[in-house]
Amino acid sequence: MKLRKFVLLFAVIMLLFGSAPVSASAVQQNGVMQNQTKYQVAYFKVKITQDQPASSSSIGTYGPWCRSVTVERQSWSNADWHLWSYFMRVRWCFNNTNVTSVDPPVRWAEIYTKFWFFDGHIGFTQSGGAGQRRYQAWSQGKFSLCLGGVKGVGCVEQHVPWVQLTVYGNGNWERRSG
């Protein structure tokens, strides 16, 4: 009888807080989804801001234009609850040919429900940069579903989402995630 109650409780918790695995990935270029795939429990959300200096005297080494792009990889439960998000923001300046400067990427995670924990960033690579035609950053994080309510206790599911941003000297950008 106790086993039956445990199995039932486990099934309810997985329905509410668990999520189905996502193996597909998609590419978005300049805010337009290239391979439109509807994800059941995880999808992208992108926020774009563009900054321009107030006058030509403030251009300096940054070039005439700067942009900041933030990519958010979200996970949703089968019950349509937002479980967690993984973010990366890249700010770069460009002169319509080359990237003129890049700030170090900012990476973070947010948890929206109980039992999910962020275990940290587990991967990061970057290439290109100032004086080149592009800059690319890739980051991966790790999330765990721990039914014990304490990080590392009774963990039954793990997700390792990744995000990649490639920014160009002409101001364009593209992203990938999985």
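This is a guided tour of the structure above, stop by stop.

The model is predicted, so local features need pLDDT of at least 70 and side-chain atom pairs count only at pLDDT 80 or more, while totals for chains, interfaces and linings use all residues. Residues are numbered from 1 along each chain as its sequence is written, and side-chain values use heavy atoms, with hydrogens and water left out.

**Whole chain**

Begin with the protein in cartoon view. One helix and twelve strands make up its secondary structure; helices (H or I, at least four residues) and strands (E, at least two) are DSSP runs, numbered from the N terminus. The order along the sequence is α-β-β-β-β-β-β-β-β-β-β-β-β.

Now show the surface. The accessible area is about 9,800 Å², and 53% of this belongs to carbon and sulfur atoms (Shrake-Rupley method with a 1.4 Å probe; for residues, only the protein chains shown count as cover). Of the 178 residues, 38% count as buried. Buried means under 20% relative accessible area, exposed over 50%, and partly exposed in between (1.4 Å probe, protein chains only). Among contacts with a separation of 6 or more, 57% come from residues 24 or more positions apart; a contact means heavy atoms within 4.5 Å.

**Strand 5 and its neighbours**

Select residues 82–94, which are strand 5. Eleven of its 13 residues are buried, so strand 5 is largely enclosed by the rest of the structure.

Add residues 65–76, strand 4. Strands 4 and 5 pair in the antiparallel sense over twelve bridges (two strands pair if DSSP finds at least two bridges between them). They form a hairpin with five residues between them, and aspartate 80 in the turn has a positive phi of about 65°.

Next add residues 106–111, strand 7, which runs antiparallel to strand 5 and is joined to it by six bridges. Here serine 85 stands opposite glutamate 110.

Then select residues 99–102. This is strand 6, also antiparallel to strand 5, with three bridges between the two. Phenylalanine 94 has valine 99 as its bridge partner. Four residues lie between the strands of this hairpin, where asparagine 96 takes a positive phi near 80°.

**Disulfides**

How many disulfides does the structure hold? There are two, a disulfide being a pair of cysteine sulfur atoms within 2.5 Å. Their pattern is 1-2, 3-4, with bonded cysteines counted along the chain.

Show cysteine 66 and cysteine 93 as sticks; their sulfur atoms are 2.0 Å apart. Cysteine 66 lies in strand 4 and cysteine 93 in strand 5, so the bond ties together parts that are 27 residues apart in sequence. The two cysteines are also bridge partners, and both are buried. The torsion about their S-S bond is about 95°, so this disulfide is right-handed.

Move to cysteine 146 and cysteine 155, joined with S to S at 2.0 Å. The torsion here is about 80°, so the disulfide is right-handed. Cysteine 146 is buried at 1% relative accessibility, whereas cysteine 155 is partly exposed at 33%.

**Aromatic rings**

The last stop is the rings. The structure holds eight aromatic pairs. Rings of Phe, Tyr and Trp (its six-membered ring) pair if their centres lie within 6.5 Å; planes under 30 degrees apart count as stacked, over 60 as edge-to-face and the rest as tilted.

Select tyrosine 86 and phenylalanine 143. Their ring centres are 6.3 Å apart and their planes stand at 90°, so the pair is edge-to-face. Tyrosine 86 is in strand 5 and phenylalanine 143 in strand 9 (residues 134–146), 57 residues apart. Both residues are buried. Finally, add Trp84, Trp116 and Phe118, which form one aromatic cluster with Tyr86 and Phe143.
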